[in-house]
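Here is a protein model to explore step by step. Take a moment to turn it around on your screen before reading on.

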Amino acid sequence: MDSLTNFWLLIKYLFLGLFQGFTEPIPISSSGHLVLLRNIFQLDDIHGLSFEILVNAGSLVAVLIIYREDISRLIQNGVSFLVNKQEETREDFNFILYLIVGTIPAGVIGILFEEQIENTFSFSKMVGITLIITGIALWIIRNIQGYKNDGEITFKDALIVGIAQAVALIPGISRSGATIVGAMLLGMHKETALRYSFLLYIPVSLGTLVLSIEEIVTDDQFSALFIPYLLAFMASIIATYFSLRWFMNIMAKGNLKYFSFYCFIVGILAILFLK
(Lines give C-alpha, C1' and ligand atoms only; values in the text may rest on other atoms or scores of the structure.)
Protein backbone atom coordinates (compact mmCIF):
# COMPACT_ATOMS: atom_id res chain seq x y z
CA MET A 1 0.00 0.00 0.00
CA ASP A 2 1.20 3.53 -0.77
CA SER A 3 1.64 6.17 1.94
CA LEU A 4 -1.70 7.89 1.20
CA THR A 5 -3.58 4.59 1.48
CA ASN A 6 -1.81 3.82 4.75
CA PHE A 7 -2.67 7.28 6.06
CA TRP A 8 -6.37 6.90 5.33
CA LEU A 9 -6.35 3.40 6.79
CA LEU A 10 -4.96 4.79 10.05
CA ILE A 11 -7.55 7.59 10.02
CA LYS A 12 -10.35 5.07 9.48
CA TYR A 13 -9.29 2.87 12.37
CA LEU A 14 -8.64 5.90 14.59
CA PHE A 15 -12.17 7.10 13.90
CA LEU A 16 -13.67 3.67 14.58
CA GLY A 17 -11.73 3.35 17.84
CA LEU A 18 -12.85 6.80 18.99
CA PHE A 19 -16.42 6.13 17.92
CA GLN A 20 -16.65 2.75 19.63
CA GLY A 21 -15.00 4.12 22.75
CA PHE A 22 -17.35 7.07 22.91
CA THR A 23 -20.51 5.04 22.36
CA GLU A 24 -19.61 2.08 24.63
CA PRO A 25 -20.47 3.69 27.99
CA ILE A 26 -23.52 5.68 26.92
CA PRO A 27 -26.91 4.02 26.33
CA ILE A 28 -27.05 4.14 22.53
CA SER A 29 -25.46 0.74 21.67
CA SER A 30 -21.89 0.80 20.36
CA SER A 31 -22.38 -2.54 18.57
CA GLY A 32 -25.49 -1.26 16.82
CA HIS A 33 -23.70 1.87 15.68
CA LEU A 34 -20.80 -0.19 14.28
CA VAL A 35 -23.36 -2.09 12.16
CA LEU A 36 -24.76 1.22 10.89
CA LEU A 37 -21.30 2.63 10.17
CA ARG A 38 -20.38 -0.41 8.11
CA ASN A 39 -23.50 0.08 6.04
CA ILE A 40 -23.09 3.84 5.58
CA PHE A 41 -19.36 3.84 4.77
CA GLN A 42 -19.21 0.39 3.14
CA LEU A 43 -16.65 -0.87 5.65
CA ASP A 44 -16.88 -4.47 4.52
CA ASP A 45 -13.24 -5.08 5.38
CA ILE A 46 -13.85 -4.53 9.09
CA HIS A 47 -15.79 -7.61 10.02
CA GLY A 48 -13.03 -9.27 12.00
CA LEU A 49 -13.98 -10.26 15.50
CA SER A 50 -10.45 -9.38 16.61
CA PHE A 51 -11.02 -5.70 15.94
CA GLU A 52 -14.25 -5.57 17.94
CA ILE A 53 -12.70 -7.47 20.84
CA LEU A 54 -9.67 -5.14 20.95
CA VAL A 55 -11.65 -1.92 20.94
CA ASN A 56 -13.92 -3.35 23.62
CA ALA A 57 -10.77 -4.24 25.58
CA GLY A 58 -9.82 -0.57 25.31
CA SER A 59 -13.16 0.34 26.87
CA LEU A 60 -12.50 -2.22 29.60
CA VAL A 61 -9.19 -0.53 30.47
CA ALA A 62 -10.95 2.83 30.80
CA VAL A 63 -13.67 1.37 33.04
CA LEU A 64 -11.00 -0.27 35.24
CA ILE A 65 -9.25 3.10 35.61
CA ILE A 66 -12.41 4.98 36.56
CA TYR A 67 -13.67 2.37 39.02
CA ARG A 68 -10.26 1.38 40.37
CA GLU A 69 -11.07 2.52 43.92
CA ASP A 70 -14.34 0.56 44.00
CA ILE A 71 -12.60 -2.51 42.60
CA SER A 72 -9.77 -2.28 45.13
CA ARG A 73 -12.22 -1.88 48.01
CA LEU A 74 -14.38 -4.80 46.86
CA ILE A 75 -11.38 -7.11 46.52
CA GLN A 76 -9.89 -6.14 49.89
CA ASN A 77 -13.18 -6.35 51.78
CA GLY A 78 -14.25 -9.50 49.95
CA VAL A 79 -11.06 -11.29 50.96
CA SER A 80 -11.32 -9.85 54.47
CA PHE A 81 -14.83 -11.24 54.90
CA LEU A 82 -13.78 -14.68 53.65
CA VAL A 83 -10.80 -14.79 56.00
CA ASN A 84 -11.99 -12.93 59.09
CA LYS A 85 -15.80 -12.88 58.73
CA GLN A 86 -15.82 -9.19 59.63
CA GLU A 87 -19.43 -8.02 59.55
CA GLU A 88 -18.54 -4.55 58.25
CA THR A 89 -17.15 -6.13 55.07
CA ARG A 90 -20.20 -8.33 54.38
CA GLU A 91 -21.87 -5.73 52.14
CA ASP A 92 -18.92 -5.64 49.71
CA PHE A 93 -18.64 -9.44 49.78
CA ASN A 94 -22.33 -9.71 48.87
CA PHE A 95 -21.86 -7.13 46.11
CA ILE A 96 -19.18 -9.36 44.58
CA LEU A 97 -21.61 -12.30 44.69
CA TYR A 98 -24.24 -10.16 42.95
CA LEU A 99 -21.73 -9.31 40.21
CA ILE A 100 -21.04 -13.03 39.71
CA VAL A 101 -24.77 -13.81 39.54
CA GLY A 102 -25.36 -10.91 37.14
CA THR A 103 -22.60 -12.13 34.84
CA ILE A 104 -23.96 -15.66 34.38
CA PRO A 105 -26.89 -14.98 31.96
CA ALA A 106 -24.81 -13.04 29.42
CA GLY A 107 -21.96 -15.54 29.72
CA VAL A 108 -24.18 -18.55 29.06
CA ILE A 109 -26.22 -16.98 26.27
CA GLY A 110 -23.12 -15.47 24.68
CA ILE A 111 -21.32 -18.81 24.56
CA LEU A 112 -24.34 -20.73 23.25
CA PHE A 113 -26.02 -18.26 20.89
CA GLU A 114 -23.65 -15.36 20.04
CA GLU A 115 -23.19 -16.41 16.41
CA GLN A 116 -26.93 -16.90 15.85
CA ILE A 117 -27.67 -13.53 17.45
CA GLU A 118 -25.11 -11.78 15.26
CA ASN A 119 -26.37 -13.43 12.07
CA THR A 120 -30.01 -12.61 12.89
CA PHE A 121 -29.76 -9.05 14.18
CA SER A 122 -26.69 -7.51 12.49
CA PHE A 123 -28.68 -5.69 9.81
CA SER A 124 -29.25 -1.96 9.73
CA LYS A 125 -33.05 -2.05 9.69
CA MET A 126 -33.08 -4.52 12.59
CA VAL A 127 -30.65 -2.27 14.49
CA GLY A 128 -33.04 0.61 13.80
CA ILE A 129 -35.85 -1.34 15.47
CA THR A 130 -33.73 -2.30 18.48
CA LEU A 131 -32.50 1.28 18.90
CA ILE A 132 -36.12 2.41 19.12
CA ILE A 133 -36.70 -0.27 21.77
CA THR A 134 -33.69 1.11 23.68
CA GLY A 135 -35.13 4.62 23.38
CA ILE A 136 -38.51 3.48 24.76
CA ALA A 137 -36.82 1.79 27.73
CA LEU A 138 -34.79 4.93 28.52
CA TRP A 139 -37.91 7.07 28.25
CA ILE A 140 -39.73 4.85 30.77
CA ILE A 141 -37.06 5.39 33.47
CA ARG A 142 -36.30 9.03 32.71
CA ASN A 143 -37.88 10.33 35.95
CA ILE A 144 -37.21 7.40 38.28
CA GLN A 145 -35.04 8.30 41.26
CA GLY A 146 -34.62 4.93 43.01
CA TYR A 147 -34.10 4.14 46.67
CA LYS A 148 -31.90 1.02 46.91
CA ASN A 149 -28.22 1.44 47.73
CA ASP A 150 -25.45 -1.16 47.34
CA GLY A 151 -26.38 -2.95 50.56
CA GLU A 152 -30.03 -3.33 49.53
CA ILE A 153 -29.46 -5.24 46.29
CA THR A 154 -30.78 -8.81 46.31
CA PHE A 155 -29.88 -11.96 44.37
CA LYS A 156 -33.15 -11.55 42.46
CA ASP A 157 -32.15 -8.01 41.46
CA ALA A 158 -28.73 -9.24 40.32
CA LEU A 159 -30.25 -12.03 38.20
CA ILE A 160 -32.78 -9.73 36.52
CA VAL A 161 -30.13 -7.11 35.67
CA GLY A 162 -27.94 -9.97 34.40
CA ILE A 163 -30.74 -11.09 32.09
CA ALA A 164 -31.05 -7.48 30.85
CA GLN A 165 -27.32 -7.54 30.06
CA ALA A 166 -27.80 -10.78 28.12
CA VAL A 167 -30.58 -9.17 26.05
CA ALA A 168 -28.06 -6.45 25.16
CA LEU A 169 -26.06 -9.00 23.15
CA ILE A 170 -28.50 -7.98 20.41
CA PRO A 171 -26.97 -5.10 18.39
CA GLY A 172 -28.96 -1.93 18.98
CA ILE A 173 -29.89 -2.88 22.54
CA SER A 174 -27.47 -0.86 24.65
CA ARG A 175 -25.64 -2.85 27.33
CA SER A 176 -25.33 0.10 29.68
CA GLY A 177 -28.87 1.16 28.84
CA ALA A 178 -30.38 -2.30 29.42
CA THR A 179 -28.61 -2.85 32.74
CA ILE A 180 -29.33 0.65 34.04
CA VAL A 181 -32.99 0.41 32.98
CA GLY A 182 -33.29 -2.98 34.66
CA ALA A 183 -31.57 -1.75 37.82
CA MET A 184 -33.66 1.40 38.13
CA LEU A 185 -36.93 -0.43 37.48
CA LEU A 186 -35.95 -2.64 40.41
CA GLY A 187 -35.60 0.46 42.57
CA MET A 188 -31.85 1.03 42.60
CA HIS A 189 -30.64 4.57 43.14
CA LYS A 190 -29.09 6.14 40.04
CA GLU A 191 -25.55 6.04 41.42
CA THR A 192 -25.91 2.41 42.51
CA ALA A 193 -27.43 1.42 39.16
CA LEU A 194 -24.59 3.10 37.27
CA ARG A 195 -21.85 1.55 39.40
CA TYR A 196 -23.40 -1.92 39.29
CA SER A 197 -23.84 -1.66 35.52
CA PHE A 198 -20.20 -0.83 34.81
CA LEU A 199 -18.71 -3.18 37.39
CA LEU A 200 -20.88 -5.85 35.74
CA TYR A 201 -19.28 -4.93 32.40
CA ILE A 202 -15.83 -5.89 33.69
CA PRO A 203 -16.19 -9.70 34.08
CA VAL A 204 -18.15 -10.07 30.83
CA SER A 205 -15.63 -8.04 28.84
CA LEU A 206 -12.67 -9.70 30.53
CA GLY A 207 -14.12 -13.15 29.92
CA THR A 208 -14.69 -12.37 26.24
CA LEU A 209 -11.11 -11.15 25.92
CA VAL A 210 -9.60 -14.23 27.61
CA LEU A 211 -11.70 -16.67 25.57
CA SER A 212 -10.73 -14.88 22.34
CA ILE A 213 -6.95 -14.62 22.82
CA GLU A 214 -6.24 -17.59 20.55
CA GLU A 215 -8.53 -16.24 17.85
CA ILE A 216 -6.84 -12.84 18.02
CA VAL A 217 -3.26 -14.08 17.74
CA THR A 218 -4.12 -16.44 14.87
CA ASP A 219 -6.13 -13.85 12.94
CA ASP A 220 -4.34 -12.91 9.69
CA GLN A 221 -5.92 -9.45 9.82
CA PHE A 222 -4.48 -8.85 13.26
CA SER A 223 -0.87 -9.30 12.17
CA ALA A 224 -1.38 -7.39 8.92
CA LEU A 225 -3.17 -4.49 10.63
CA PHE A 226 -1.34 -4.43 13.96
CA ILE A 227 -0.61 -0.67 13.91
CA PRO A 228 -4.16 0.40 12.93
CA TYR A 229 -5.59 -2.01 15.53
CA LEU A 230 -3.25 -0.62 18.20
CA LEU A 231 -4.25 2.93 17.28
CA ALA A 232 -7.94 2.02 17.54
CA PHE A 233 -7.30 0.32 20.90
CA MET A 234 -5.61 3.42 22.36
CA ALA A 235 -8.30 5.69 20.91
CA SER A 236 -10.97 3.50 22.51
CA ILE A 237 -9.37 3.84 25.95
CA ILE A 238 -9.26 7.63 25.75
CA ALA A 239 -12.74 8.04 24.26
CA THR A 240 -14.35 5.64 26.75
CA TYR A 241 -12.73 7.37 29.70
CA PHE A 242 -14.07 10.82 28.83
CA SER A 243 -17.41 9.49 27.59
CA LEU A 244 -18.04 7.59 30.83
CA ARG A 245 -17.07 10.60 32.94
CA TRP A 246 -19.53 12.67 30.90
CA PHE A 247 -22.25 10.04 31.23
CA MET A 248 -21.79 9.89 35.01
CA ASN A 249 -22.57 13.63 35.17
CA ILE A 250 -25.62 13.18 32.95
CA MET A 251 -26.92 10.35 35.14
CA ALA A 252 -26.49 12.52 38.22
CA LYS A 253 -28.58 15.26 36.59
CA GLY A 254 -31.25 12.81 35.33
CA ASN A 255 -31.01 13.74 31.64
CA LEU A 256 -31.46 10.27 30.13
CA LYS A 257 -34.34 11.51 27.98
CA TYR A 258 -31.86 13.04 25.53
CA PHE A 259 -30.40 9.61 24.80
CA SER A 260 -33.94 8.38 24.31
CA PHE A 261 -34.57 11.07 21.68
CA TYR A 262 -31.30 10.21 19.97
CA CYS A 263 -32.17 6.50 19.77
CA PHE A 264 -35.59 7.32 18.31
CA ILE A 265 -34.10 9.58 15.62
CA VAL A 266 -31.26 7.25 14.58
CA GLY A 267 -33.52 4.19 14.73
CA ILE A 268 -36.13 5.77 12.44
CA LEU A 269 -33.46 7.00 9.98
CA ALA A 270 -31.88 3.51 9.88
CA ILE A 271 -35.25 1.89 9.13
CA LEU A 272 -36.11 4.41 6.42
CA PHE A 273 -32.81 4.84 4.60
CA LEU A 274 -30.50 1.85 5.25
CA LYS A 275 -30.65 -1.73 4.08
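This report walks through some helices, a surface patch, charged pairs and a few unusual spots in the chain.

## Stretches that come from a record

Keep in mind from the start that you are looking at a predicted model. UniProt, in an unreviewed entry, places the feature "transmembrane region" at residues 47-67, 95-113, 119-141, 193-213, 225-244 and 256-274.

What does the chain look like in two of these stretches? Over residues 119-141, the model is 87% helix and 0% strand, and the C-alpha atoms at the two ends are 30 Å apart. Residues 193-213 are 95% helix and 0% strand, with 31 Å between the end C-alpha atoms.

## Helix α4 and its two faces

Helix α4 is a good place to practise reading a helix. This helix covers residues 68-84, which makes 17 residues. From its first C-alpha to its last it reaches 24 Å, close to the 24 Å expected at 1.5 Å a residue.

Which residues of α4 are buried? They are Asp70, Leu74, Asn77, Gly78, Ser80 and Phe81. These residues cover an arc of only 165 degrees around the axis, so they sit on the same side of α4. The face turned away from that buried side carries the exposed residues Ile75, Gln76, Leu82 and Val83.

## Charged partners

How many salt bridges are counted in the model? The count comes to six. One of them joins the side chains of Asp70 and Arg73, with N to O at 3.2 Å. Both residues lie in helix α4, three residues apart, which is about one turn of the helix. An α-helix has 3.6 residues a turn, so residues three or four places apart point the same way. Asp70 counts as buried because its relative accessibility is 17%, under the 20% cut-off. Arg73 is partly exposed, with a relative accessible area of 31%. The pair also belongs to a wider group: Asp70, Arg73 and Asp92 are linked in a network of salt bridges.

Two further pairs let you compare settings. The side chains of Glu87 and Arg90 meet in a salt bridge with N to O at 2.8 Å. Glu87 counts as exposed, at 52% relative accessibility, and Arg90 counts as partly exposed, at 35%. Lys148 forms a salt bridge with Asp157, and here the closest N and O atoms are 2.8 Å apart. Is Lys148 buried or exposed? Lys148 is buried, with a relative accessible area of 13%. Its partner Asp157 counts as buried too, at 3% relative accessibility.

## A nonpolar patch on the surface

Now look at the outside of the model. A nonpolar surface patch of about 850 Å² is made by Ile100, Ile104, Val108, Ile109, Ile111, Leu112, Phe113, Leu169 and Leu211. Which helix gives the largest share of the nonpolar patch? Helix α5, residues 90-121, contributes seven residues.

Ile109 is a handy example to find on your screen. This residue has its place in helix α5. Ile109 is partly exposed, because its relative accessible area is 31%, which falls between the 20% and 50% cut-offs.

## Two positive phi angles

Most residues other than glycine have a negative phi. Against that background, two residues deserve a second look. Ser29 has a positive phi of about 70 degrees although it is not a glycine. Ser29 lies in the loop between α1 (3-23) and α2 (30-41), and it is buried, with a relative accessible area of 3%.

Lys85 is also a residue other than glycine with a positive phi, near 55 degrees. Where does Lys85 lie? It is in the loop between α4 and α5. Lys85 counts as exposed, at 54% relative accessibility.

## Far along the chain, brought together in space

Finally, try finding Ile237, which lies in helix α12 (residues 226-253). Ile237 is buried, with a relative accessible area of 15%. How many residues apart in sequence are Ile237 and Val63? They are 174 residues apart in sequence, and in space their C-alpha atoms are 8.7 Å apart.

Note on methods
Residues are numbered from 1 along each chain as its sequence is written. This is a predicted model: local features need pLDDT of at least 70, side-chain atom pairs count only at pLDDT 80 or more; totals for chains, interfaces and linings use all residues. Side-chain values use heavy atoms; hydrogens and water are left out. Patches are made of residues with over 30% relative accessible area and no salt bridge: like charges are joined within 9 Å, nonpolar side chains (Val, Leu, Ile, Met, Phe, Trp, Tyr) within 5 Å. Accessible areas come from the Shrake-Rupley method with a 1.4 Å probe; for residues, only the protein chains shown count as cover. A salt bridge is a side-chain nitrogen of Lys or Arg within 4 Å of a carboxyl oxygen of Asp or Glu. Helices (H or I, at least four residues) and strands (E, at least two) are DSSP runs, numbered from the N terminus. Buried means under 20% relative accessible area, exposed over 50%, partly exposed in between (1.4 Å probe, protein chains only). UniProt positions are given in the numbering used here, feature names are shortened, and annotations may be inferred rather than shown by experiment. The expected span of a helix is 1.5 Å times one less than its number of residues. The arc is that of the directions from the helix axis to the C-beta atoms.
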